[in-house]
Number of protein chains: 2
Amino acid sequence: MVDCKLVILGFGSVGQGVANVVAMKKAMISKEYGVDLKVVAAADSSTSAICAEGLDEKLLVSTKKETGKLGNYPEYGSDIVGIDLLDAVDYDILIEATPTNIKTAEPAKSLTLKAFADGKDVVTSNKGHLALFYKEMHEAKEKAGVEFKFEASVGGAMPIINLCQYNLASCGISSIKGILNGTTNYILSRMTSEGTTYENTLKESQQLGIAETDPTQDVEGIDAACKVVILANVLGIDATYSDVEVRGISNITLDAIELAKQEGYYVKLIGEVSKNGLKVSPRLVKQNSPYAIDGTLNLATVTTDLAGDITVIGKGAGSIETASAMISDLISILKLKY
Amino acid sequence: MVDCKLVILGFGSVGQGVANVVAMKKAMISKEYGVDLKVVAAADSSTSAICAEGLDEKLLVSTKKETGKLGNYPEYGSDIVGIDLLDAVDYDILIEATPTNIKTAEPAKSLTLKAFADGKDVVTSNKGHLALFYKEMHEAKEKAGVEFKFEASVGGAMPIINLCQYNLASCGISSIKGILNGTTNYILSRMTSEGTTYENTLKESQQLGIAETDPTQDVEGIDAACKVVILANVLGIDATYSDVEVRGISNITLDAIELAKQEGYYVKLIGEVSKNGLKVSPRLVKQNSPYAIDGTLNLATVTTDLAGDITVIGKGAGSIETASAMISDLISILKLKY
């Protein structure tokens, strides 16, 4: 039996999900893969908990939930965070779950490059550094000879990155198109089924916690555009955020939705990368098609040279769902290296 | 650069597809993975072509197509086949594409066990040995310490085996349910859209080459049942073919389809493995759902503990499509071992 020492940076919804999933699955992983997972450090933006023998994952989550700070973790609380933490701790894999920052990509970018430079593998849920600096990140990863996995960065639990890189490894892929943002899909679905206006539906979504207080990133298509950039790069296209033509859903009227409905269509926010470029915009999809999914589901169709079209549907967000994608990525590293 | 020497056994639609895909993709595989693929032998049921330096994949296909026998391959034709061929040739990976035999599982079973015993990896499209002897095959594979990949055995190009084993590796899976046979989905879709009887639609499907001259395996649910058994075993359930409750579509009347349609449903042949057992039967699915797919598409929904439901849709058959799944499996072995 070998140990695999994890550091979790970022302890919001996703970081807590990772801690919970490690607690749920470490016995299975030990049995199936002969590797003992140990969370040797976890940090939020200002405090951390550090213990070389391994922290209690459930206690990490309850400490954060109840006191707001990981620094209050009994005995092992600390105020060492960020790059200092990576220098202070002996670890194998960085679980990077800090908030996506689409302006600077920080702190994700610096933390990930630091881990690479130290020869560590990284599993991330972050979109910022991938959407803005995909090429730079991957060059650093190649130079370091480490693994860099980011399934959770697009579509949460919906498998799309590994689908392209692993399951469809024999295929050339000419386009990926899909519903890549759950919040807008929820809003458009509710407008369609309830006949409520955009403003009222957004308000309802915010009350339910589906849309954020500042909904800009979702409703203006910014989140979907980041995902399109990441997918483009997975296909080998050297693109960055500014290459995406983006239109969100805030101007969609109930009239437009009703008209589409009468003609057998729904309005969906579609992200696409193809030979025609990178694009996010509201588009009509046939009612009697897989694209008719409602709620917060995500969907993506991959068009290949050998396998035809492959479509995948799954939950695009959620603490445990997103963490499950990260732990599946982690297991793929264990299989390869341990 | 290392060589990877392939033997292709079975040279019908799938075997020819593999040869074609190797021809199309060997340059890419050489560039991406640093491995030169060489087909050192290929065999149909009575003849073969053997050359340690590597055969010309396109010439293999044209020889078979034009003369009916691989033995007519210029200079390297042979009548050594089956296990004798595996003894006669120095190779690394067996591509096993012989016809599925649901009574004896031969010749797939003996060929695969022979390859394992010789320490060779196997990629298969065959359902027979997996549906009848999954446990025995996997015990032999474990004992030999080799790789055994079979994505193509369920749903052709639709990724479902690796989806469960790789993409969803962190998850517990409680059920898999789906449309696992393209021929019956085509027949039921046409009966629904055209209002034609089962008998006439079957005849049309046979003329189009979608249904076979003897359609029993498809229309009686036998093919779908084999796939359900394989999926059950992938989930860790020790099941064999006789454990499946099977009902096909040959008794489905146009009346039943019309009635369902009026109520907002379609009739589909659904295969399912869950805690309630293994089952193949015609069932109603909502018109406005991903299950409403028509044509020869396949679909599967995987229900997980962490990631919720993941649904995947893809082409369930086809020479190149099925071969693409086999070459993706092959690439996963290259990544692991080369």
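A hairpin joins strand β10(A) to strand β11(A) through two residues. The model that contains this hairpin is predicted. This briefing addresses the strands around β10(A), the aromatic pairs, the charges placed over rings, the cysteines and the setting of F133(B).

**Strands around β10(A)**

- Strand β10 of chain A spans residues 265–274, and nine of its 10 residues are buried, so the strand is largely enclosed by the rest of the structure.
- The pairing of β10(A) with strand β11 (residues 277–286) of chain A is antiparallel and runs over 10 bridges.
- Within that pairing, L269(A) has P282(A) in β11(A) as its bridge partner.
- Strand β8 (residues 173–179) of chain A also pairs with β10(A) in the antiparallel sense, over three bridges.
- For I176(A), the bridge partner in β10(A) is V273(A).
- As a general point, side chains in a regular strand alternate between the two faces of the sheet.

**Aromatic pairs**

- Over all chains, the count of aromatic pairs comes to nine.
- One of them joins Y134(A) and F150(A): the ring centres are 5.8 Å apart and the planes lie at 85°, so this pair is edge-to-face.
- This pair links distant parts of the chain, since Y134(A) belongs to helix α5 (residues 128–144) of chain A, while F150(A), 16 residues apart from Y134(A), lies in the loop between β7 (148–149) and α6 (161–167) of chain A.
- Both partners are buried: Y134(A) has a relative accessible area of 8%, and F150(A) has one of 3%.
- F150(A) also forms an aromatic pair with F148(A), which is tilted, with 5.6 Å from centre to centre and 45° between the planes.
- F148(A) is buried as well, at a relative accessible area of 4%.
- Ring pairs link F148(A), F150(A) and Y134(A), together with F116(A), into a cluster.

**Charges over rings**

- In chain A, the charged end of K177(A) sits over the ring of Y291(A), at 5.8 Å from the ring centre.
- In chain B, the ring of Y91(B) has the charged end of K120(B) over it, at 5.0 Å from the ring centre.

**Cysteines**

- The count of disulfides over all chains is zero.
- Why does C4(A) not bond to C51(A)? The sulfur of C51(A) is the closest cysteine sulfur to that of C4(A), but the distance is 16 Å, which is too far for a bond; the cut-off for a disulfide is 2.5 Å between the sulfur atoms.
- C4(A) counts as buried, with a relative accessibility of 0%.
- A similar account applies to C226(A): its closest cysteine sulfur, in C164(A), is 18 Å away, too far for a bond.
- C226(A) likewise counts as buried, at 1% relative accessibility.

**Setting of F133(B)**

- F133(B) is located in helix α5 (residues 128–144) of chain B.
- Is F133(B) buried, exposed or partly exposed? Its relative accessible area is 26%, so F133(B) is partly exposed.
- Apart from neighbours within four places in sequence, F133(B) is in contact with T104(B), A105(B), K109(B) and G128(B).
- The C-alpha atom of F133(B) is separated by 24 Å from that of D44(B), a residue 89 residues apart along the chain.

Definitions and conventions
Residues are numbered from 1 along each chain as its sequence is written. Chains are lettered from A and ligands numbered from 1 in the order in which they are written. This is a predicted model: local features need pLDDT of at least 70, side-chain atom pairs count only at pLDDT 80 or more; totals for chains, interfaces and linings use all residues. Side-chain values use heavy atoms; hydrogens and water are left out. Buried means under 20% relative accessible area, exposed over 50%, partly exposed in between (1.4 Å probe, protein chains only). Rings of Phe, Tyr and Trp (its six-membered ring) pair if their centres lie within 6.5 Å; planes under 30 degrees apart count as stacked, over 60 as edge-to-face and the rest as tilted. Helices (H or I, at least four residues) and strands (E, at least two) are DSSP runs, numbered from the N terminus. A charge sits over a ring if NZ of Lys or CZ of Arg is within 6 Å of the ring centre and within 35 degrees of the ring normal. Two strands pair if DSSP finds at least two bridges between them. Contact means heavy atoms within 4.5 Å.
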